[in-house]
Amino acid sequence: MNTADVIIVGAGAAGCVLAARLSEDPARRVILLEAGGRDSNPLLRVPLMTGLLLRSAYANWSYVTESEAGLGGRTAKIPRGRVLGGSTAINGMVWARGRPADFDGWAQSGLRGWSWDDALAGYRRIERFQDGESEIHGGSGELPITDAAVEHELIDAFIAAGRQAGHRASTDFNAPPCEGVGRYHFSIAGGRRWSAAHAFLRPAAGRKNLRVVTRATARRVLLDGTRATGIAARVDGRDEMFHAPDIVLCGGTINSPQLLMLSGIGPADHLHEHGIAVAADRPGVGRNLHDHVLVRVEHACTKPITLQSLTRIDRAAFALLRALVSGTGPAASFPLAAGIMARSDPALEEADLQSHFLPGLTTATLRVPFLAGPLRAGDGHGFMANISQMRPESRGSLRLASADPSAKPLIHMNYLADPRDREVLRRGVRILRDIFRQPAFDPYRGAELSPGPAIASDAELDDWIARTADTVHHPVGTCRMGLATDFGAVVDDRLRVHGLTGLRVADASVMPRITSGNTAAPSMLIGQRCADFLRSGE
């Protein structure tokens, strides 16, 4: 029962797509191992639950970074989904595929099969776009992609103000030039979240050749010399071995490199520190870690029309019940519906900043059952927009804390270490301030709460950024793709681990450079491409 043709470790964005695609062939036996439980809790389907899920320990690995110098010595929480669907079960559901230049850049570095044309073909296999099939979107895939369903006069004001500030109107941030002000697409349909598990695993659940094992934490890759032969896992408290000629790690940017290092695949000197026998010296494992970092510009609102109204427990409870029963109401959508993609410098060829607007203050101020966090002085009716650099330059690393598989790894994101990242964020703050100054916000604009009018110079903004910047929850890169001649690369362009046979990695960790925007869609694409490679024998 523990033998298959392919073992997939991790039922997240990539793993769910990969398991569904490979099991389409009834002759191929697939085992999918997931450390978390099943996604049966109906609250996981409610879109506005995202804020609570990202901050709670439920269905969450709840990782925390080491002290970050770029954040003034603060740590940052790194939520990662621990449930069928992985982070797609707890994230903001924004469907952002990345820019053509992101993928063409990968291909130009020598990675075959990763150009924009290749990526677009994969995306079209995944998508069930609300407007049907087109040259740029798929219409018959498993994952519904819809426009933001939120209607709010402050969202309309933000889009109008963006146009007044000189930003072009955008009806589709996933279509070139991927720039302007407009609304995002979401993996939401019928007022329900569509995680990778719901879209891909559920339709495949009845296949006799697909076995999904939950509460199964992988502890090491089994090796016979340089060949991977299986996975040692702890399943509901007992040790089990799973065997297959093809092993694919889809644990994500934190878990996949950790599992490789626990298995003796990684930087030899670091493995020796923890008494782990070296099976393959791959110094790039755990390196190249990077993430999108955001800051928020917040204003008081002069009208009582914001999400602050949901802080009343009776209103919150009714919204939650309505979403659960009918898939309608304020809890049945994700309120960060509109935003901008803009250039920090007009001389740039493409936008390098991404923003999301919220008709409320930061999500940390809203109350349970949706969101958590103590109210701050001055919190009340307000609105905000975040902004992040889509292609950061700073790089961090991940290392083992010990040889114990249950010990969480040491995560050093090295946020804002490169001064170019801080400069781009400063420019982003000024772009948002310019938008909020426009006439469209005159009926609503109260005092600027953050950064605050007293903070204006580069030095003042840098200090404020260090005190308030946060992650967008998009870590990537710790098992990056690269050529065999690149000793820092972990996998090749077919996602095979260099120096080993029968072992691949397919998740956001393989990105050599982060895509421009949210990373759930590119992670699903990586699962799709891995399935293509395995099915074609590459």
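Asp532 and Arg535 both belong to helix H12 (residues 520-535), and because they are 3 residues apart in that helix, about one helical turn separates them. An α-helix has 3.6 residues a turn, so residues three or four places apart point the same way. In this predicted model, the side chains of Asp532 and Arg535 meet in a salt bridge, with a distance of 3.3 Å from N to O. This pair does not stand alone, since salt bridges that share partners join Arg21, Glu24, Glu142, Arg529, Asp532 and Arg535 into one network. Arg535 itself counts as partly exposed, at 33% relative accessibility.

**Salt bridges**

The structure as a whole holds 32 salt bridges, and the table sets out some of them with the computed distance between the closest N and O atoms.

| Acidic residue | Basic residue | N to O distance |
|---|---|---|
| Asp418 | Arg420 | 2.7 Å |
| Asp434 | Arg437 | 3.6 Å |
| Asp532 | Arg535 | 3.3 Å |

How exposed or buried are the partners in these pairs? Asp418 counts as buried because its relative accessibility is 16%, and buried means under 20%. Its partner Arg420, at 47% relative accessibility, counts as partly exposed. In the pair of Asp434 and Arg437, Asp434 is partly exposed at 25% relative accessibility, while Arg437 is exposed, with a relative accessible area of 54%.

**A pocket and a cavity**

The second largest pocket has a volume of about 300 Å³. Its lining consists of 14 residues, and those that lie nearest the centre of the pocket are Leu348, Asp352, Gln389, Glu393 and Val424. Which helix gives the largest share of this lining? That share, 4 residues, comes from helix H10 (residues 419-436). When the lining residues of this pocket are sorted by character, they divide into 2 nonpolar, 2 polar and 10 charged.

Cavities are counted separately from pockets, and the model has 4 cavities of 30 Å³ or more. The largest cavity holds about 100 Å³ of space. It is lined by 14 residues, of which Asp291, Val293, Pro392, Leu416 and Asp421 are the closest to its centre. The lining of this largest cavity divides into 6 nonpolar, 5 polar and 3 charged residues.

**A covered helix and a nonpolar surface patch**

Helix H7 (residues 252-262) is mostly covered, for 11 of its 11 residues are buried. Among these buried residues of H7 are Gly252, Thr253, Asn255, Ser256 and Gln258, together with Ile254, Leu259, Leu260, Met261 and Leu262. After H7 comes Gly264, whose phi angle is positive, near 90°.

Elsewhere, some nonpolar side chains are found on the outside of the protein, where Leu321, Leu324 and Val325 form a nonpolar patch on the surface. Together, the three residues of this patch have about 280 Å² of accessible area. Where in the fold does Val325 sit? Val325 is found in helix H9, which covers residues 313-326. With a relative accessible area of 64%, Val325 counts as exposed, because the term applies to values over 50%.

Definitions and conventions: Residues are numbered from 1 along each chain as its sequence is written. This is a predicted model: local features need pLDDT of at least 70, side-chain atom pairs count only at pLDDT 80 or more; totals for chains, interfaces and linings use all residues. Side-chain values use heavy atoms; hydrogens and water are left out. Patches are made of residues with over 30% relative accessible area and no salt bridge: like charges are joined within 9 Å, nonpolar side chains (Val, Leu, Ile, Met, Phe, Trp, Tyr) within 5 Å. Accessible areas come from the Shrake-Rupley method with a 1.4 Å probe; for residues, only the protein chains shown count as cover. A salt bridge is a side-chain nitrogen of Lys or Arg within 4 Å of a carboxyl oxygen of Asp or Glu. Helices (H or I, at least four residues) and strands (E, at least two) are DSSP runs, numbered from the N terminus. Buried means under 20% relative accessible area, exposed over 50%, partly exposed in between (1.4 Å probe, protein chains only). On a 1 Å grid over the protein atoms alone, a cavity is a set of points where a 1.4 Å probe fits but cannot get out, and a pocket is an open set with protein on both sides within 12 Å along at least five of seven lines; lining residues have an atom within 4 Å of a point. Grid points are joined across faces, edges and corners, and a volume is the space filled by probe spheres set on the points. Ala, Val, Leu, Ile, Met, Phe, Trp, Tyr, Cys and Pro count as nonpolar, Asp, Glu, Lys and Arg as charged, and the others, Gly among them, as polar.
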